[in-house]
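Okay, everyone, thanks for coming. I'd like to walk you through one model today, so please have a look at the screen.

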Amino acid sequence: YATGHIPNSVNIGLRGRLETWTGIMVPWGTKLALVGSQPELREAVSRLHRIGYRADVLTWEAWKKSGLPVATNAPVKPAELHAKMGQGEAPLIVDVRLPNEWMGVRIGTVVNLPLNHLSELSAKLDPAQPVVTVCNSAYRSSMAIGILERKGFKQVSSLAGGSEAWIEAGLPVYGAEAKKQAATE
């Protein structure tokens, strides 16, 4: 998705909880277009049909051959974001996890706008401001990119590897995890 996607599309992965996230993110009755390889499309159509969603299908190759626009969003590496935060040059960081996850551990001064409410809550943000989305693994933050693009945000990226990669890189965290780290040192 980061290396190329249909503008304003939302990345709901087939290998994730496709049916659950579609039910959360896509209003009932919305006209869907699924993009992927032929085997992926067959599986996605079948799984979504079971929960009452109908969708048209399109291969990614067909979209690219059509000459229509392709959007990209290069992920931001944890060390790069940490450096920008330390220099006071960080973009707005939006953590899209649930509030209890956000309270448990966070990467610094971030805004918590849960993914399931991001569409309406993003109205409080300036779409001209650069944004980096964050979750645990970058799965939900990838979905958030599409939502923010649909709301007019032009400079949106995701934290590469999510907060898990941040912690693995040894960067500072706040919340319950930080307390556990301090106790073991």
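**A walk through the model**

Let's begin with a side-chain pair: Arg47 and Glu19 make a polar contact through their side chains, at 2.8 Å. Before I go further, keep in mind that this is a predicted model. Now, where does Arg47 sit? You'll find Arg47 in helix α2, which covers residues 38–50. And is Arg47 buried or exposed? Arg47 counts as buried, because its relative accessibility is 12% and the cut-off for buried is under 20%. If we skip the residues up to four places away in sequence, Arg47 touches Leu14, Gly16, Leu18 and Glu19. So Glu19 turns up twice, as a residue that Arg47 touches and as its polar partner.

Okay, on to the pocket. The largest pocket holds about 1200 Å³ of space. It has 42 lining residues, and the ones closest to the centre are Ser9, Val10, Asn11, Ile12 and Ala33. Which helices and strands supply at least two residues each to that lining? They are α1 (18–25), β1 (32–36), α2, α6 (118–121) and α7 (139–150). β1 gives the largest share, with five residues. If you sort the lining by class, you get 23 nonpolar residues, 13 polar ones and six charged ones. And yes, the α2 in that list is the helix where we just found Arg47.

Next, the sheet. What is the strand order? Reading across, it goes β5-β3-β6-β7, four strands in an open sheet with parallel pairing. At the edges are β5 (111–112) and β7 (156–158), and each of these has a single partner strand, so one side of each has no neighbour in the sheet. As a quick reminder, strands of a sheet pair through backbone hydrogen bonds, either parallel or antiparallel.

Let's go through it pair by pair. Strand β3, residues 92–95, runs parallel to β5, and two bridges join them. In that pair, Val94 is opposite Val111 of β5. How many bridges join β3 to β6? There are four, and those strands run parallel too. There you can see Leu92 opposite Val131 of β6. Then β6 pairs with β7 over three bridges, again in the parallel sense, with Thr133 opposite Ser158 of β7.

While we're on β6, have a look at which way its side chains go. Val131 and Thr133 point one way, Val132 and Val134 point the other way, and all of them are buried.

Right, now some backbone angles. Most residues other than glycine have a negative phi. Which residues should you look at here? Asn8 is one of them: it isn't a glycine, but its phi is positive, about 70°. Asn8 is in the segment before α1. With 37% relative accessibility, Asn8 counts as partly exposed, because partly exposed runs between the 20% and 50% cut-offs. Ala138 is another residue other than glycine with a positive phi, near 90°. Ala138 sits in the loop between β6 (131–134) and α7. Buried or partly exposed, then? Ala138 counts as buried, at 17% relative accessibility.

Two more loop residues before I stop. Pro114 is in the loop between β5 and α6, and at 10% relative accessibility Pro114 counts as buried. What does Pro114 contact, leaving aside its neighbours within four places in sequence? The answer is Asp95, Val96, Arg97, Pro99 and Leu121. Asp95 there is part of β3, since that strand is residues 92–95. For a sense of distance, Pro114 and Arg42 are 72 residues apart in sequence and 30 Å apart in space, C-alpha to C-alpha.

The other loop residue is Ser122, between α6 and β6. Ser122 is buried, with a relative accessible area of 2%. A polar atom of the Ser122 side chain lies 3.0 Å from the backbone oxygen of Ser119. Not counting residues up to four places away in sequence, Ser122 touches Leu148, Lys151 and Phe153. Leu148 belongs to α7, which spans 139–150.

That's my tour, so over to you for questions.

Methods: Residues are numbered from 1 along each chain as its sequence is written. This is a predicted model: local features need pLDDT of at least 70, side-chain atom pairs count only at pLDDT 80 or more; totals for chains, interfaces and linings use all residues. Side-chain values use heavy atoms; hydrogens and water are left out. Buried means under 20% relative accessible area, exposed over 50%, partly exposed in between (1.4 Å probe, protein chains only). A polar contact is a pair of N or O atoms within 3.5 Å; within protein, one must be able to donate a hydrogen and the other to accept it, and residues adjacent in sequence count only if both atoms are side-chain atoms. Contact means heavy atoms within 4.5 Å. On a 1 Å grid over the protein atoms alone, a cavity is a set of points where a 1.4 Å probe fits but cannot get out, and a pocket is an open set with protein on both sides within 12 Å along at least five of seven lines; lining residues have an atom within 4 Å of a point. Grid points are joined across faces, edges and corners, and a volume is the space filled by probe spheres set on the points. Ala, Val, Leu, Ile, Met, Phe, Trp, Tyr, Cys and Pro count as nonpolar, Asp, Glu, Lys and Arg as charged, and the others, Gly among them, as polar. Two strands pair if DSSP finds at least two bridges between them.
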